[in-house]
Amino acid sequence: MKTKFWVALATTTALAMPALAQDAIRIGVLTPLSGTYAGIGQQVRWGLELAAQEINTSGGILGRPVTLIYEDSQANPAVAMQRAERLFDVENVDFLTGTVSSGVTLAVGELAERSGRLMATTVSFADSITGARCSPNVFRVNARAGQQSVALASWLAAERPDARVFYLGPDYEMGRSTVAAFRSNAEGVGATSVGETFAPLDSADYSQYFGALRSARPDVLYTSVAGNDTVRLFTQLEDFGVRANLTVLGASGTVTSQNIAAIGAAAEGFVTGVGYSTLIDTPEHTAFLESFRAASGGADPDLYGADSYGVLFAYQAAAQMAGTTDTDALREAFRGLTWNTPQGVKTIRAGDHQAMQQMYVVRVEGGEFRIVGNVSAADAIGDDLCERF
Amino acid sequence: MLDRLDISLRANHVLFVILFTAAFVFGVMASMTGDRFYLRLATEALILSGLALSIDILLGFTGLLSLGQALFFGVGAYVSALVLREVPSFWLALGAASGASLVAGVVGGLIANRVRGVYFALITFGMAQIVAKIIYNTRSLGASDGLIGIPVVEIPLGFVTLSAGNPLEFFLVVLGGITLIYAGMSYVLSSPFGRVMIALKANEKRVPYLGYSTWAPRMVAYVLAAVIAGTVGGLYPMLRGFVSPELMFFSASGDALIMVIIGGSGTLVGAIWGAILLVAFKSVVGSWTEHHLIIVGLMFMAAVLFMKRGLIGLVKPMIERRLVRIEAAREMRKEGKAP
């Protein structure tokens, strides 16, 4: 019975696909719609849907409308691989995007290569995706960890020269690599590292690290904890009086619109480097902000929403330049592609498929992010470490 | 004369033959229609059915609830992935995966078998979490990103060489593997030693009075289950081309447990049916709505409440009755012929 059903299903989809593919450009969206990262997936979804709607009302891509096909990656690479295979083989998508965790992006990138399709991430930070483990079929349109660190380090050099920096990261791969990346950038601009420590994810009590922190006498604290960990760390820093005379810096994901309210006054003065801020003051961005709020029911876009919005326009620009959606022609068009986004002009570097973009340094003032500096795309990008192409 | 265990095992064989035939027909038909995705999904289901089957050996026959069986699946998968990245040899990778899970099973068994009941469940759970966490934080094993770059392997079977990259060929290899595991376990269970294992589930306190050690059969069952989980785990990177620490997380162990319960524990074949059903169900519902976890949860609750012996329990008694009748008729004929 079940066998019959599967075969019937496989046959009907196989028959239906070529006809559909002629009409719409099919974009697969593999993103976490459930679980820990569902909030990020929601931003990805809002951004892509808004962009698809705008592209479709203005005539589509190469005269064809865009269709988004969602699959829930559950932020689990084992599930994501299976879902990605479905998007490539059954749904026959032309392009894949939306992957969040770096592990998923790397694994799906390899599958994209085997399937002869292109993909782009709009969220994953890990430098290796467009570095040591780069793939000819994978692009990244958001800023990687290195770009964020460069932006933040340049602010540090200008505002707190000769800083004594203490690092506190979450004890897992992402935490260790963000600390290592920022540490080398900070030391590059003349800062002194006075100590580092790693706390387990979901720590309830950070006060045990405050002794080491105080005795190292830093004037800058860098942290890459995220979510509720940030809430606990920041409020405890405040409660224990460790926060006085200390400038707190962090990763893009440390303080976001999701947890800033819960941190409250303890977030005041926090500085980070990001590729997007809702305070960008350009007519394009103002228009984007308005239509995003209308589409999301009032929620502001964050970096994930903005970068996901931009990726479809990159695809549109590349497809129109190539005149086709054929993988090889499209890849060539993507290399060195320059296109407009609400964040400003972005360019994909041909050497490693990493988008170059203006980076912003933002600071929390009065419970809101304020832009306090920016770093040009060329200064933030860093070396091309990709050796495969 | 056949006793109840023989009848029960024979009924399992009937259900396995049905499954094997259906899988074979499905494989050939899917391959003829040029389908890749459903063939590879079915291959994944069969690989996971090996993990479910290993849980059934513990839960359904020996009476041990393991909440961390994915540990051995993950050990097999990682060892196989590491070997394949260096030497792309099917048999070497599979052998290394089995060997590593044997060692892991002995070590894990020595720890877990010191206790019973709920403590056993907690220790198996804890061991899997600890190892998963260590891998999650070990950069040389790919840490939280997992390992990619696993090549497609050739599978030399002596008379013919198949490729793991061909969906139908790999599906048939995995189907063959599961058949061997099923046949092997059925043989072990029908042996006198297997009956001691089953006695442990029925009444562990009485087993020593019959002159048997309880520790040895429990340990052997645990190690056997570990080796089976590790061996099928070794097949996983050949299918998907990557491994990640999530393979060892509780969600993997929990899913496999759900497969056993839905299919029907204590039947071996139920675990395989349950795995195929759950994987297919999750794939279809997962594409349809993001609230798929709620639906799987409700299905699990329904299975526990309304089908105490799982899906297999719905048809197995029927098959057993028929087998008893056939057997009785045969006995009658024999007696009639030899007066």
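Hi everyone. Before I start, one term: a cavity here is a set of grid points where a 1.4 Å probe fits but cannot get out, and a residue counts as lining if it has an atom within 4 Å of a point. Please keep in mind that this is a predicted model.

So, how many cavities of 30 Å³ or more are there? The count is two.

Let's take the largest cavity, with about 60 Å³ of space in it. Its lining starts, in sequence order, with Ala145(A), Gln148(A), Ser149(A) and Leu152(A), and also includes Thr178(A), Phe182(A) and Tyr222(A). Further along the chain, Gly250(A), Ala251(A), Ser252(A), Thr272(A) and Gly273(A) take part too. Three elements of chain A give two or more residues each: helix H5 (145–159), helix H6 (173–188) and strand S10 (271–274). Which of them gives the most? That would be H5(A), with four residues. By class, this lining has five nonpolar residues, seven polar and no charged.

Now on to the second largest cavity, at about 50 Å³. Around it you'll find Thr122(A), Val123(A) and Phe125(A), then Asn142(A), Ala143(A) and Gln148(A), and finally Gly275(A), Leu303(A), Tyr304(A) and Asp307(A). Here helix H11 of chain A, residues 303–322, gives the most, with three residues. The classes come out as five nonpolar, four polar and one charged.

One residue to look for on your screens is Gln148(A): it lines the largest cavity, and Gln148(A) is also in the lining of the second largest. Thanks, everyone!

Terms used
Residues are numbered from 1 along each chain as its sequence is written. Chains are lettered from A and ligands numbered from 1 in the order in which they are written. This is a predicted model: local features need pLDDT of at least 70, side-chain atom pairs count only at pLDDT 80 or more; totals for chains, interfaces and linings use all residues. Side-chain values use heavy atoms; hydrogens and water are left out. On a 1 Å grid over the protein atoms alone, a cavity is a set of points where a 1.4 Å probe fits but cannot get out, and a pocket is an open set with protein on both sides within 12 Å along at least five of seven lines; lining residues have an atom within 4 Å of a point. Grid points are joined across faces, edges and corners, and a volume is the space filled by probe spheres set on the points. Ala, Val, Leu, Ile, Met, Phe, Trp, Tyr, Cys and Pro count as nonpolar, Asp, Glu, Lys and Arg as charged, and the others, Gly among them, as polar.
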